[in-house]
Amino acid sequence: MERPLRAVGSPLTLAVLALLAEKPRHPYEMKVTMRERRIADSVKMRGGSLYDTIGRLARAGLLTATETSRAGARPERTIYAITDAGRDMLRELMNEFIGEPVNEFPRFVAGLAHLAGLDPTDAATLLRRRADRLAAESERAARGLEAVEDGLPRVVLLETEYLQRLRACEIDWLRQTATDIEHGHVPWPDPESASGAREEEKSS
C-alpha cells in the first residue's frame, strides 16, 4: 500500500482526517467547513492542495471514496470516509501536534536575534509596525468569529481562540519593547566600538 511521505504529517493532512473522522464528506464541504471554523488561519491551502492531499491520503489507504453524487447541473462530487488506518494516523498526528513541543524556527525569532544590527529608532519602528499589522489581523479574525461562533461549538474554534490570545500577547510585548528601546531601557551596542573590536580580532 502506497504511503507517500508528503501525505503524512502536514497540518492539511490532520485537518482532512479530523473532518472525515466526524463524518464522510466531499471536498467542497470540507472547504466550507474549514472556512466556517477558520481552520485556514492555521493550515495553508493553495489552489488544488486540498484535492492533492485527499488523493495522496486515498492512495495511502487512510481514506476511501464511498459514493459519487450529483445535484442538478453541478459537477459530480465524490464523498470520502476515513478508514481504520486513517483513524490510527489521526491519533498519531494528534499526539505529535498537541503533545510534543517543536521548535519551528520562525523568521521573527531569527530577526530578533540580530535586532542590534539596526539603529534603535529603526528597530523600535519595525516592532511597532509588526504590532500594528498583528492588531489588524486580530480585528479581522474577531469580526469573522462574530459571524460564525453563535452556530459553532467552542471546541472547533479553539485554534482561533489560541491564535487570538497569542496575537494579543505578542502585540503587548512588541509595543512595550519598542517603548523600552525608545526610552533607552534596552542597552544598545555602539556600532563604532563593535566594528573596532572586529578589526582588532582580525589583526591579532
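## The second largest pocket

In this predicted model, the second largest pocket takes up about 180 Å³ (volume filled by probe spheres set on the grid points). A pocket here is an open set of points on a 1 Å grid where a 1.4 Å probe fits, with protein on both sides within 12 Å along at least five of seven lines; lining residues have an atom within 4 Å of a point.

Its lining is Arg107, Phe108, Gly111, Leu112, His114, Leu115, Leu118, Leu126, Leu127 and Arg130. By class that's 6 nonpolar, 2 polar and 2 charged (Asp, Glu, Lys and Arg are charged; Gly counts as polar). H5 chips in the most, with 4 residues (helices are DSSP H or I runs of at least four residues).

## The largest pocket

The largest pocket holds about 2,200 Å³. Of its 39 lining residues, Ser42, Phe97, Glu159, Tyr162 and Leu163 sit closest to the centre. Helices H1 (11-22), H4 (84-99), H5 (107-112), H6 (120-148) and H7 (158-182) each give two or more residues to this lining. The class split is 25 nonpolar, 1 polar and 13 charged.

## How H1 meets H4

The H1 and H4 axes come within 10 Å and cross at roughly 130 degrees (lines fitted to C-alpha atoms, angles from 0 to 180 degrees between N-to-C directions). So H1 and H4 are oblique to each other (neither under 35, over 145, nor 65 to 115 degrees).

On the H1 side, Pro11, Thr13, Leu14, Leu17, Ala18 and Ala21 touch Gly86, Arg87, Met89, Leu90, Leu93, Met94 and Phe97 of H4 (heavy atoms within 4.5 Å). That contact has 10 nonpolar, 2 polar and 1 charged residues.

## Ground rules

Numbering starts from 1 along each chain as its sequence is written, and side-chain values use heavy atoms, leaving out hydrogens and water. Local features need pLDDT of at least 70 and side-chain atom pairs count only at 80 or more, while totals for chains, interfaces and linings use all residues.
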